[in-house]
Amino acid sequence: MAFSVAPLPYDYAALEPTIDAATMKLHHDKHHQTYVDNLNKAVEGDPSLGGKSLEELVASAGAGSKVVRNNGGGHWNHSFFWEIMAPASGKGPEGELAQAIDSAFGSLDGLKEKFNAAGAGQFGSGWAWLVAVPGQGLVVTSTPNQDNPLMDVAEVKGTPILGNDVWEHAYYLTYNNRRADYLKAWWDVVNWDKAAEHFASAK
Ligand code: MN3
């Protein structure tokens, strides 16, 4: 098998009460695994894709099949998602990332407001992102389905710094239909150290 789901970097219950253990188990073990299984099937069935990295498949998603776009995106996005969260630490952004947030959004609250609006405004399923765009600094955007800002088809292209999954499967057990409540609570489990790593790699 070409691609596989990495174990969660923490316990299923580690993000409670923000995200419940049952949601994490289903989301990681079933939803993410299904994207990976379907991606592997698609790659096995198409010799022209053999040997390509996930990053390559994602970067050329618009030129490939819908199956690879959806499931390659699903694999990349979820791998990113597990790592951009961590047990609540009470910490916020620091250093250069904090400065860049202040300069783009006025404050961390300004970023949260914009990011939560992008997540709430994404019709149907998709993702909200904070992206480092070359020459522009930090930008908030959203993508439909399993698209992401690394894809050739993305409206806003750049390096993802933060990303939140706004598919119902990410929050329905605890928050039911209240996506806005989930978006608001999610900030408690953001892994700001990992976000800083992404920001450093974007420069
Ligand atoms: Mn998901």
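# Exercises on a predicted two-domain model

The domain assignment of the chain gives domain 1 (21-83) and domain 2 (95-202). The structure is a predicted model. Each exercise below is followed by a worked solution.

## Exercise 1. The two domains

Determine how far apart the centres of domain 1 and domain 2 are, and how many residues of each take part in the contact.

*Solution.* Step 1. Taken over C-alpha atoms, the centres of domain 1 and domain 2 are separated by 20 Å. Step 2. The contact between them takes 22 residues from domain 1 and 24 residues from domain 2.

## Exercise 2. The metal site

Identify the residues that coordinate the manganese ion and describe their spacing along the chain.

*Solution.* Step 1. The manganese ion has four entries to list: His-27 through NE2, His-78 through NE2, Asp-165 through OD and His-169 through NE2. These donors lie at 2.0 to 2.1 Å. Step 2. Along the chain, the donors follow the pattern H-x50-H-x86-D-x3-H. Step 3. The pair His-78 and Asp-165 links distant parts of the chain, being 87 residues apart. His-78 belongs to helix H3 (residues 66-83), whereas Asp-165 belongs to strand E3 (residues 159-165). Step 4. Both His-78 and Asp-165 are buried.

## Exercise 3. The largest nonpolar core

State which residues of the largest nonpolar core touch the most other members, and explain where this core lies with respect to domain 1 and domain 2.

*Solution.* Step 1. The core has 55 residues, and those touching the most other members are Met-85, Leu-111, Leu-138, Leu-162 and Trp-186. Step 2. Strand E1 (residues 126-133) supplies the largest share of this core, namely seven residues. Step 3. Because domain 1 (21-83) and domain 2 (95-202) both give residues to the core, it lies between them. Step 4. As a general background, nonpolar side chains in soluble globular proteins tend to be buried together.

Step 5. Trp-186 can now be examined in detail. Leaving aside residues up to four places away in sequence, Trp-186 touches Thr-18, Ile-19, Phe-81, Ile-84, Met-85, Phe-115, Leu-162, Gly-163 and Asn-164.

## Exercise 4. Two residues in helices

Decide whether Phe-115 and Leu-183 are buried or exposed, and list contacts of each.

*Solution.* Step 1. Phe-115 has its place in helix H5 (residues 108-121). The cut-off for buried is under 20% relative accessible area. Phe-115 has a relative accessibility of 0% and therefore counts as buried. Step 2. Beyond residues up to four places away in sequence, the contacts of Phe-115 include Ala-128, Trp-129, Leu-130, Val-140 and Trp-186. Step 3. Phe-115 and Val-139 are 24 residues apart along the chain, and 9.3 Å separates their C-alpha atoms.

Step 4. Leu-183 is found in helix H7. With a relative accessibility of 1%, Leu-183 likewise counts as buried. Step 5. With residues up to four places away in sequence left out, Leu-183 touches Asn-116, Gly-119, Ala-120, Asn-164 and Val-166. Step 6. From C-alpha to C-alpha, Leu-183 and Ala-118 are 9.9 Å apart in space, with their positions 65 residues apart in sequence given as the separation.

## Exercise 5. Packing of H4 and H8

Establish how H4 is oriented relative to helix H8 (residues 192-202), and name the residues that make the contact.

*Solution.* Step 1. H4 and H8 pack at an angle of about 80 degrees, and their axes are 9 Å apart. Step 2. Angles of 65 to 115 degrees count as roughly perpendicular. H4 is therefore roughly perpendicular to H8. Step 3. From H4, the contact is made by Glu-96, Leu-97, Ala-100 and Ile-101. From H8, Trp-192, Ala-195, Ala-196 and Phe-199 take part.

Step 4. Gln-99 is also found in helix H4 (residues 95-105). Gln-99 has a relative accessible area of 55% and is therefore exposed, the cut-off for exposed being over 50%.

## Exercise 6. Backbone geometry

Specify which peptide bond is cis, and describe the phi values of Asn-145 and Asn-176.

*Solution.* Step 1. The peptide bond from Glu-16 to Pro-17 is cis, with omega near 5 degrees. Pro-17 lies in the segment before helix H1 (21-44). Step 2. Although not a glycine, Asn-145 has a positive phi of about 55 degrees. Asn-145 is in the loop between strand E2 (137-144) and E3, and is partly exposed at 39% relative accessibility. Step 3. Asn-176, also not a glycine, has a positive phi of about 50 degrees. The loop between helix H6 (172-175) and helix H7 (179-186) holds Asn-176, which is partly exposed with a relative accessible area of 33%.

How values were computed
Residues numbered from 1 in each chain as written. Predicted model: local features only at pLDDT ≥ 70, side-chain atom pairs only at ≥ 80, totals over all residues. Heavy atoms only, no water. Donors = N, O, S within 2.8 Å, 3.2 Å for Na, K, Ca; no water. Helix = DSSP H or I, 4+ residues; strand = E, 2+ residues; numbered from the N terminus. Buried < 20%, exposed > 50% of the residue type's maximum accessible area, 1.4 Å probe, protein only. Core = buried A, V, L, I, M, F, W, Y, C linked by side-chain atoms within 4.5 Å. Domains from an automatic or database assignment. Contact = heavy atoms within 4.5 Å. Axes fitted to C-alpha atoms, helices over the stretch in contact; angles between N-to-C directions. Parallel < 35°, antiparallel > 145°, perpendicular 65-115°, else oblique.
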